Structures are given as C-alpha cells and as structure tokens.
Amino acid sequence: FRRVLFRSYAGGSPLPEGCERISNLNRNHPLAGWLPRMPFARRLNAQPIDLERLTFAVSALPRLMTGRFDCVITSANFWSSAIAALNRRLRGTPFVGRSGGWMMSGVEGLRFRPDVYVVVNPQVEESLKSRYPNQDIRCIPNAVDLDRFSPGTSNLDLNLPRPVFLC
C-alpha cells in the first residue's frame, strides 16, 4: 500500500515511512461536545466508546476523500464501516472489515457489506457464513501452529518490498 492511516493512541510508536496517523477529534473541538447531546446518541443508547468511534470516523473522512488509498481496513463498528462504505461508493476504494473475534462485532461490521470480512475465530466464521451466505468472510486465526513455526528457526527471505504489513 502506498499510504496507510493509523488511528492514534497515546504513546504510539513511530510510523513507517509513507504512513499517516490521524486521531479522534480533540476533546475541545465543538463537535466532540455536541455529539453526546444529540437526540440520536440518546436514542441509540450510544456509549462513550461509540461516540469515540464516531469522532474518529469523522476525523478520517476528509483524508479518505482527498487521499489515494488502495484499500481501507476497518474495525468492526458501525461508524468506521459507514465511513468506509461511503468512501467506497464515492471513490471506489474497497474496504475490508475485521472482527475482534466475537459474534456481535461481526453482525455490526457486516451491516455495510465490506468487500471482505475477516474474523479471528473459526466458530464465528462458520456462524456468520450461515447468516450471510453471499458475504466473503475469511478466518485468520489469532494463533500459531507450533509444529510448523517454532522459535529458533531461520528467517525466510521472501524478497517482499518493505515495510510488510500483516493484518
């Protein structure tokens, strides 16, 4: 990828060359104080984490609309998926949704029909595929096969351009 947006966390490490970091709206930004008081936030029973995700998605939107990205990878939440779906519709940029491993994040993440949806749990993959048979859902487990990969083995030189991003 030519450019990658990273969400900013306190104490974040330096970014690889060619990458950008964006963050949630500053707490002093007028929109950050206005959103929690909006009727939709109360009607949706929006929790603080939901509003944090919304402010991040709003912060990302201008960069997505003006930058040239090969793909957008979202966490499985309503707001980032909504912004990625809007970006796909307006700019044609595909997006990949990814789940933290539990079923409800999958249901939330599939609402906007990502081009591919990645889960880390084979049982969640199976369940989501039965509920969404026309959706491309893949499982990349959070595990290592110790029979195939073990400490002390030599590194393989794959001749890949650096940096290499794995997700």
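Across the chain of this predicted model, the mean pLDDT is 75, and 60% of the residues score at least 70. Confidence varies between the elements of secondary structure. The lowest mean, 55, belongs to strand β1 (residues 5–7), whereas strand β6 (residues 137–139) reaches the highest, at 92. Where pLDDT is low, the predicted coordinates should not be read in detail.

Strand β6 also takes part in a set of parallel pairings. Strand β4 (residues 95–98) and strand β5 (residues 116–119) run parallel and are joined by 3 bridges. Within this pairing, G97 lies opposite Y117 of β5. Strand β5 is in turn connected to β6 by 3 bridges, and these two strands are likewise parallel. Here V118 is placed opposite R138 of β6. Between β5 and β6 the chain passes through helix α6 (residues 122–131), and the resulting β-α-β crossover is right-handed. Strand β5 is thus paired with β4 and also with β6. As a general property, the side chains of a regular strand alternate between the two faces of the sheet.

A further feature concerns helix α4, which spans residues 78–91 and contains S80. The relative accessible area of S80 is 11%; because the cut-off for a buried residue is under 20%, S80 is classed as buried. When residues up to four places away in sequence are left out of account, S80 is in contact with A57, T74 and S75.

Key. Residues are numbered from 1 along each chain as its sequence is written. This is a predicted model: local features need pLDDT of at least 70, side-chain atom pairs count only at pLDDT 80 or more; totals for chains, interfaces and linings use all residues. Side-chain values use heavy atoms; hydrogens and water are left out. pLDDT is the predictor's confidence in each residue, from 0 to 100. Helices (H or I, at least four residues) and strands (E, at least two) are DSSP runs, numbered from the N terminus. Buried means under 20% relative accessible area, exposed over 50%, partly exposed in between (1.4 Å probe, protein chains only). Contact means heavy atoms within 4.5 Å. Two strands pair if DSSP finds at least two bridges between them. A crossover is right-handed if, with the strands pointing away from the viewer, the path from the first strand over the helix to the second runs clockwise.
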